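Colleague: I'd love a close look at one part of this model, the enclosed space inside it. Could you walk me through that space and then show me what else is worth seeing from there?

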Amino acid sequence: LNKNEVYNHLSASYSNFYLKGRASYSKGTNETGFEILDAQFQLLEKIKISAYNNYDDYASATITSDQKTLILGIETDMTQGGHDLYFSNKKADGTYGLLQNLGKTVNSAGDESLPQLLSDQKTLLFSSNGFSGFGDNDLFVTYRLDDTWKNWSEPINLGSKINDENYDGSYWYDENSETLYFIKYIDGKSNICTLKIPKEHLMKN
């Protein structure tokens with residue numbers, strides 16, 4: 001798994017596959033650095049997106065359970081601030097189509113990144129420094145309103161038990177245990193913290 005000496009991460013986890021980020025890739029080839037792994041962490045495919053271009057070295061992503069829609073946090077010439085959240089739909093040939101911006105409701109003049117799509121395929125967690133919050137990047141939740149992937153509810157800040165004046169962007173919500181795992185800086189040191197959040201408090205029917 002750890003092919004890149006700098007940074008490796010799993011971006012999405014389902015019962016039968018994983019989305020892995022930060023693989024080395026060649027720019028200008030539609031490769032993204034994201035890969036689909038099977039349940040035994042073996043490579044199934046490399047994620048390719050038409051005309052993919054990221055101005056930054058870093059990217060974040062999540063994916064639907066059927067692998068038909070990918071959401072990425074990257075910086076492009078269509079970006080409204082720094083990093084924006086985009087979506088891309090899978091084509092018949094197995095690659096993904098042109099990136100489309102999630103829209104101004106979700107994307108601010110700041111940075112949006114680290115999306116996590118929950119199992120209802122409508123609830124999206126993400127990190128942002130462009131909305132009213134407690135300091136640096138905070139964690140937010142928004143809800144997909146239709147099947148276009150362009151209409152979302154106003155982002156809701158997840159509150160002061162999670163967010164503070166420091167960078168709050170490293171997190172993972174485990175639906176099985178209904179627990180949010182996140183990094184919090186205490187006395188200048190990073191700590192892995194947990195907070196129980198019932199799924200019904202995050203997801204909307």
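Which residues line the largest cavity?

Modeller: Happy to! Bear in mind that this is a predicted model: local features need pLDDT of at least 70 and side-chain atom pairs pLDDT 80 or more, while totals for chains, interfaces and linings use all residues. Numbering starts from 1 along each chain as its sequence is written, and side-chain values use heavy atoms, without hydrogens or water.

The lining of the largest cavity is made up of Ala-23, Ser-24 and Tyr-25, the run Glu-31, Thr-32, Gly-33, Phe-34 and Glu-35, and the pair Lys-46 and Ile-47. A cavity here is a set of points on a 1 Å grid over the protein atoms alone where a 1.4 Å probe fits but cannot get out, and lining residues have an atom within 4 Å of a point. Searching the whole structure turns up one cavity of 30 Å³ or more, and the largest cavity holds about 50 Å³ of space; volume is the space filled by probe spheres on points joined across faces, edges and corners.

Two strands stand out around that space. β3 (31-38) and β4 (43-48) each give at least two residues to the lining, and β3 has the largest share, with five. (Strands are DSSP runs of E, at least two residues, numbered from the N terminus.) Sorted by class, the lining has four nonpolar, three polar and three charged residues. Nonpolar covers Ala, Val, Leu, Ile, Met, Phe, Trp, Tyr, Cys and Pro, charged covers Asp, Glu, Lys and Arg, and the others, Gly among them, are polar.

Let's stay with one of the charged residues in the lining, Lys-46. Lys-46 sits in strand β4 and counts as partly exposed because its relative accessible area is 41% (buried is under 20%, exposed over 50%, partly exposed in between, with a 1.4 Å probe and protein chains only). If you want a sense of scale, look from Lys-46 across to Thr-194: the two are 148 residues apart in sequence and 32 Å apart in space, C-alpha to C-alpha.

β4 also takes part in a charge pairing. Glu-45 forms a salt bridge with Lys-90, with 3.6 Å between the closest N and O atoms (the cut-off is a side-chain nitrogen of Lys or Arg within 4 Å of a carboxyl oxygen of Asp or Glu). Glu-45 belongs to strand β4 and Lys-90 to the loop between β7 (84-89) and β8 (100-101), so the pair ties together parts that lie 45 residues apart in sequence. Both ends are partly exposed: Lys-90 because its relative accessibility is 29%, and Glu-45 because its value is 24%.

From there, follow the other pairings, since the whole structure has three salt bridges. Arg-144 meets Asp-147 at 3.2 Å, N to O. The two partners contrast in cover: Arg-144 counts as buried because its relative accessibility is 12%, whereas Asp-147, at 68%, counts as exposed. Then there is Lys-184 with Asp-164, 3.1 Å from N to O. Here the link joins distant parts of the chain, 20 residues apart, with Lys-184 in strand β14 (residues 179-186) and Asp-164 in the loop between β12 (156-157) and β13 (171-174). Lys-184 and Asp-164 are both buried.

Now for the backbone. Most residues other than glycine have a negative phi, which makes two residues here worth a click. Going back along the chain to the loop that follows β4, you'll find Ala-51, between β4 and β5 (60-63). Ala-51 has a positive phi of about 55° although it is not a glycine, and Ala-51 is exposed because its relative accessible area is 58%. The other is Trp-149, in the loop between β11 (138-143) and β12. Phi of Trp-149 is positive as well, near 70°, but Trp-149 is buried because just 8% is its relative accessible area.

Finally, turn to strand β10 (residues 123-128), where Ser-127 has its place. Ser-127 counts as buried because its relative accessibility is 0%. Its C-alpha lies 9.6 Å from that of Asn-157, although the two residues are 30 apart in sequence.

Terms used: 1 Å grid on protein atoms, 1.4 Å probe; cavity = no way out; pocket = protein on both sides within 12 Å on 5 of 7 lines; lining within 4 Å. Helix = DSSP H or I, 4+ residues; strand = E, 2+ residues; numbered from the N terminus.
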